[in-house]
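Trainee: I have a protein model open and I do not know where to begin. Could you show me how to read its features?

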Amino acid sequence: MNFLVAEYDANILHAGQHQDAELGRFFMRIEFEPSAGLPIQHFGERFARVAAEFQMRWTLAESGKRHRVCLFVSQHLHCLADLLQRYKAGELDCEIPLIIGNHADGEGLAQFYGIPFHHLPVRNGDKAFVEAEQQRLLREYDVDLVVLARYMQILSAEFVAQWPAQIINVHHSFLPAFVGSKPYHAAFQRGVKLIGATSHYVTADLDEGPIIEQDVMRVTQGDTIPDLVRKGRDLERVVLSRAVRWHLEHRILHYDNKTVIFD
């Protein structure tokens with residue numbers, strides 16, 4: 001790729017690489033500024049021939065093209081509030097055209113930030129209907145990234161299959177420890193000294209998708225379950241916002257249920 005960048009008189013702004021020696025794989029990310037008048041499509045066509053010759057897996061993204069992000073939320077609003085504040089402050093370079101909630105709790109925040117809110121409650125027996133409506137809205141608003149901001153519903157395998165590496169979730173534990181719906185309770189019962197939070201891409205296997213970011217915080221025997229929940233919320237905000245920002249900036253490569261995060 002470097003020789004093509006030079007041939008097109010482009011300026012390399014940043015380059016990073018990683019090698020997985022065990023699997024014999026090499027990864028590279030190059031951020032470059034094209035010269036005036038360079039059709040990016042023409043560059044992609046040229047590189048496609050090189051990539052085919054060497055059997056490379058590759059993508060070409062334009063930094064000026066903003067992602068369109070939909071936020072899914074339930075009753076816990078701390079991650080939603082954090083993402084919206086960062087979005088308003090310009091930390092997340094994207095567009096958020098809608099928010100979908102299975103509870104109405106997030107509607108006030110959506111109205112405050114001037115974003116349409118769609119309340120789609122999930123009741124017994126109508127999950128398939130709700131997911132079909134969610135998919136319709138995602139298509140209508142031309143969404144290309146779904147963020148589960150503590151959305152406490154399990155998406156079906158059929159739903160997830162339509163969004164490969166395009167759904168980011170935050171789980172309130174340091175995966176793979178304490179999967180499921182009440183990890184803080186499980187951590188308290190186990191008497192752990194560290195609690196954590198994990199952001200990951202969603203796959204059909206619950207809480208087992210490629211991990212993007214994790215962080216931890218020390219706790220003591222004096223902390224109650226509400227203390228763990230309160231402390232954990234700070235971690236959840238941070239790891240989710242980092243994952244979303246890195247995805248928006250095209251800094252993540254995923255393979256074999258792993259991710260490479262470039263600086």
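Mentor: We will go through pockets, strands and salt bridges in turn. Keep in mind that this is a predicted model.

Trainee: Let us begin with empty space. How much space lies in the largest pocket?

Mentor: The general idea comes first. Rolling a probe the size of a water molecule over the atoms shows where empty space is left. Here, the largest pocket holds about 1,900 Å³ of space. Its lining has 48 residues, and those closest to the centre are T59, L60, A61, H250 and L253.

Trainee: Which elements give two or more residues to that lining?

Mentor: Look for α1 (2–7), β2 (25–33), α2 (40–53), α8 (225–248) and β10 (252–255). Of these, β2 gives the most, with nine residues.

Trainee: How do the lining residues divide into nonpolar, polar and charged?

Mentor: For the largest pocket, 26 are nonpolar, ten are polar and twelve are charged.

Trainee: Now the second largest pocket. How much space lies there, and which residues are closest to its centre?

Mentor: About 440 Å³ of space lies in the second largest pocket. It is lined by 26 residues, with Q153, I154, N169, L206 and D207 closest to the centre. At least two lining residues come from each of α6 (157–161), β7 (167–171) and β8 (194–201). Here β7 gives the most, with three residues. This lining divides into twelve nonpolar, ten polar and four charged residues.

Trainee: On to strands. How should I read one?

Mentor: Start with the side chains. In a regular strand the side chains alternate between the two faces of the sheet. Then check how the strand is placed and what it pairs with. Take β4, residues 94–101.

Trainee: How many residues of β4 are buried?

Mentor: Seven of its eight residues are buried, so β4 is largely enclosed by the rest of the structure.

Trainee: Which strands does β4 pair with, and in what sense?

Mentor: One is β3, residues 67–73, which pairs with β4 in the parallel sense over six bridges. Find F72 and you will see I100 of β4 opposite. Another is β5, residues 117–119, which runs parallel to β4 and is joined to it by three bridges. There, I100 has H118 of β5 as its bridge partner. So I100 is a handy landmark: look for F72 opposite I100, then for H118 as the bridge partner of I100 in β5.

Trainee: What do these strands make with the helices?

Mentor: Follow the chain from strand to helix to strand. β3, helix α3 (residues 78–89) and β4 make a right-handed β-α-β unit. β4, helix α4 (residues 107–112) and β5 also make a right-handed β-α-β unit.

Trainee: Where can I find an antiparallel pair?

Mentor: Go to β10 and β11, the latter being residues 258–261; four bridges join these antiparallel strands. L253 in β10 has V260 of β11 as its bridge partner. L253 also appeared among the residues closest to the centre of the largest pocket. The two strands form a hairpin with two residues between them. In the turn, D256 has a positive phi of about 45°.

Trainee: Last topic: salt bridges. How many does a search of the whole structure find?

Mentor: The principle is short. Side chains of opposite charge can pair when their charged atoms come close. In this model the search finds 17 salt bridges.

Trainee: Which residues form salt bridges with R136?

Mentor: E133 is one, at 2.6 Å from N to O. E140 is another, with the closest N and O atoms 2.8 Å apart. R136 and E133 lie three residues apart in helix α5 (residues 127–140), about one turn. E140 and R136 are four residues apart in α5, again about one turn. R136 is partly exposed at 36% relative accessible area, and E133 is partly exposed at 21%.

Trainee: Which salt bridge links distant parts of the chain?

Mentor: R242 and E213 meet at 2.7 Å, N to O. R242 sits in helix α8 and E213 in strand β9 (residues 211–218), 29 residues apart.

Trainee: Are R242 and E213 buried or partly exposed?

Mentor: R242 is partly exposed, at 26% relative accessibility. E213 is buried, at 15%. The cut-off for buried is under 20%. Finally, look for a network: salt bridges link D82, R86 and E91.

Definitions and conventions
Residues numbered from 1 in each chain as written. Predicted model: local features only at pLDDT ≥ 70, side-chain atom pairs only at ≥ 80, totals over all residues. Heavy atoms only, no water. 1 Å grid on protein atoms, 1.4 Å probe; cavity = no way out; pocket = protein on both sides within 12 Å on 5 of 7 lines; lining within 4 Å. Points joined across faces, edges and corners; volume = space filled by probe spheres on them. Nonpolar A, V, L, I, M, F, W, Y, C, P; charged D, E, K, R; others polar. Buried < 20%, exposed > 50% of the residue type's maximum accessible area, 1.4 Å probe, protein only. Pairing = 2+ DSSP bridges. Right-handed = clockwise from strand over helix to strand, strands pointing away. Salt bridge = Lys/Arg side-chain N within 4 Å of Asp/Glu carboxyl O.
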